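Hi,

Here is the structure I promised to pass on to you. My notes on what turned up in it follow below, so you can read them with the model open.

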Amino acid sequence: MAVWLLKTEPGEFSIDDLAERGSDGEPWNGIRNYQARNFLREMQVGDLVLIYHSACATPGIVGLAEVIRDAYPDPDALNPESRYFDPKSHADNIRWSLIDVRFLQKYSAPLSLKAIKAEPSLGEMKLVNSSRLSVSPVTEAEYQTLCSLLHVDAMGNALD
DNA sequence: GCCAACGTTGGC
DNA sequence: GCCAACGTTGGC
């Protein structure tokens with residue numbers, strides 16, 4: 001089971017919005033970057049997903065989700081009415097993919113980007129050194145360190 | 001709102 | 001296939 005990190009702007013779609021979706025989950029659409037898309041295609045049902053809030057007052061990791069549907073072609077790419085319309089995609093060749101995720105946890109104490117950057121052993125995180133990538137893998141070691149800083153277990157439950 | 005970083009596009 | 005122009009991301 002792999003661990004990933006997905007960015008979202010809370011003004012667009014926040015961890016609270018994901019929580020409201022409950023077990024139905026949410027299609028994580030709108031990824032329009034090849035590197036990010038390729039990571040999406042590697043994701044599998046059951047993989048864990050750290051949810052990161054960007055472009056907000058305190059950017060950081062705010063919660064945990066899980067993948068509930070493997071990557072599939074993004075129908076928005078074919079819809080001229082969609083903000084995610086892609087004129088270069090065609091019905092027999094859609095360039096973009098998405099996955100579905102569902103809410104697991106909202107951390108009572110989020111982990112800020114500032115705190116992540118302050119931890120030397122997290123210096124190789126894609127989040128840190130490839131800062132514009134909206135979908136990125138998290139290594140097992142990185143995940144353990146993050147959980148430790150968040151004071152949670154691997155399933156996001158608070159440790160006291 | 002500024003702007004640095006960087007991915008994408010398209011002319012040549 | 002190079003690279004300048006352009007658009008987007010996202011921290012600050």
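**Pockets**

The largest pocket has a volume of about 470 Å³. It is lined by 15 residues, and those closest to its centre are Lys7, Thr8, Glu12, Asn29 and Tyr84. Please keep in mind that this is a predicted model. Two strands, β1 (3–8) and β2 (26–27), each supply at least two residues of the lining of the largest pocket. By class, that lining divides into five nonpolar, five polar and five charged residues.

The second largest pocket comes to about 170 Å³ in volume. Its lining is made up of Gly30, Ile31, Arg32, Asn33, Ala36, Arg132, Leu133 and Ser134. Sorted by class, these are three nonpolar, three polar and two charged residues.

**The DNA strands**

Let me take DNA strand B to begin with. The residues around this strand are Asn33, Tyr34, Lys88, Arg95 and Arg132. Asn33 and Arg132 also belong to the lining of the second largest pocket. The surface near DNA strand B has one nonpolar, one polar and three charged residues. Of the atoms of DNA strand B within 4 Å of the protein, 69% are from sugar or phosphate, and the rest are from bases.

For individual contacts with DNA strand B, a polar backbone atom of Tyr34 is 3.4 Å from a phosphate oxygen. Lys88 uses its side chain, where an N or O atom is 3.2 Å from a phosphate oxygen of DNA strand B. With Arg132 the partner is a base: an N or O atom in its side chain is 2.9 Å from a base oxygen of DNA strand B.

Now to DNA strand C, which has Lys7, Tyr52, Ser54, Ala55, Pro59, Leu113, Lys117, Ser131 and Arg132 around it. Lys7 is also among the residues closest to the centre of the largest pocket. The surface near DNA strand C divides into four nonpolar, two polar and three charged residues. Of the atoms of DNA strand C within 4 Å of the protein, 75% belong to sugar or phosphate, with the rest in bases.

Two side chains reach phosphate oxygens of DNA strand C: a polar atom of Tyr52 lies 2.7 Å from one, and a polar atom of Lys117 lies 3.5 Å from one. And which part of DNA strand C is 2.6 Å from an N or O atom in the side chain of Arg132? The partner there is a base oxygen. Arg132 is thus listed around DNA strand B and around DNA strand C.

**Two residues in strand β4**

Ile61 is found in strand β4 (residues 60–73), and Pro73 lies in that strand too. Is Ile61 buried or exposed? Ile61 counts as buried because its relative accessible area is 0%. Beyond its neighbours up to four places away in sequence, Ile61 touches Leu5, Leu50, Ile51, Tyr52, Tyr107, Pro110, Leu111, Ile116 and Leu146. Tyr52, one of these, is also around DNA strand C. Ile61 and Ser112 are 51 residues apart in sequence, while their C-alpha atoms are 6.3 Å apart in space.

Pro73 counts as exposed, because its relative accessibility is 52% and the cut-off is over 50%. Leaving aside neighbours within four places in sequence, Pro73 is in contact with Ile94, Trp96, Ser97 and Leu98. The C-alpha atoms of Pro73 and Ile94 are separated by 6.1 Å, with their positions 21 residues apart along the chain counted as sequence distance.

Happy to talk any of this through.

Best wishes

Methods. Residues are numbered from 1 along each chain as its sequence is written. Chains are lettered from A and ligands numbered from 1 in the order in which they are written. This is a predicted model: local features need pLDDT of at least 70, side-chain atom pairs count only at pLDDT 80 or more; totals for chains, interfaces and linings use all residues. Side-chain values use heavy atoms; hydrogens and water are left out. On a 1 Å grid over the protein atoms alone, a cavity is a set of points where a 1.4 Å probe fits but cannot get out, and a pocket is an open set with protein on both sides within 12 Å along at least five of seven lines; lining residues have an atom within 4 Å of a point. Grid points are joined across faces, edges and corners, and a volume is the space filled by probe spheres set on the points. Helices (H or I, at least four residues) and strands (E, at least two) are DSSP runs, numbered from the N terminus. Ala, Val, Leu, Ile, Met, Phe, Trp, Tyr, Cys and Pro count as nonpolar, Asp, Glu, Lys and Arg as charged, and the others, Gly among them, as polar. Buried means under 20% relative accessible area, exposed over 50%, partly exposed in between (1.4 Å probe, protein chains only). Contact means heavy atoms within 4.5 Å. A residue is near a molecule or strand if one of its heavy atoms lies within 4 Å of it. A polar contact is a pair of N or O atoms within 3.5 Å; within protein, one must be able to donate a hydrogen and the other to accept it, and residues adjacent in sequence count only if both atoms are side-chain atoms.
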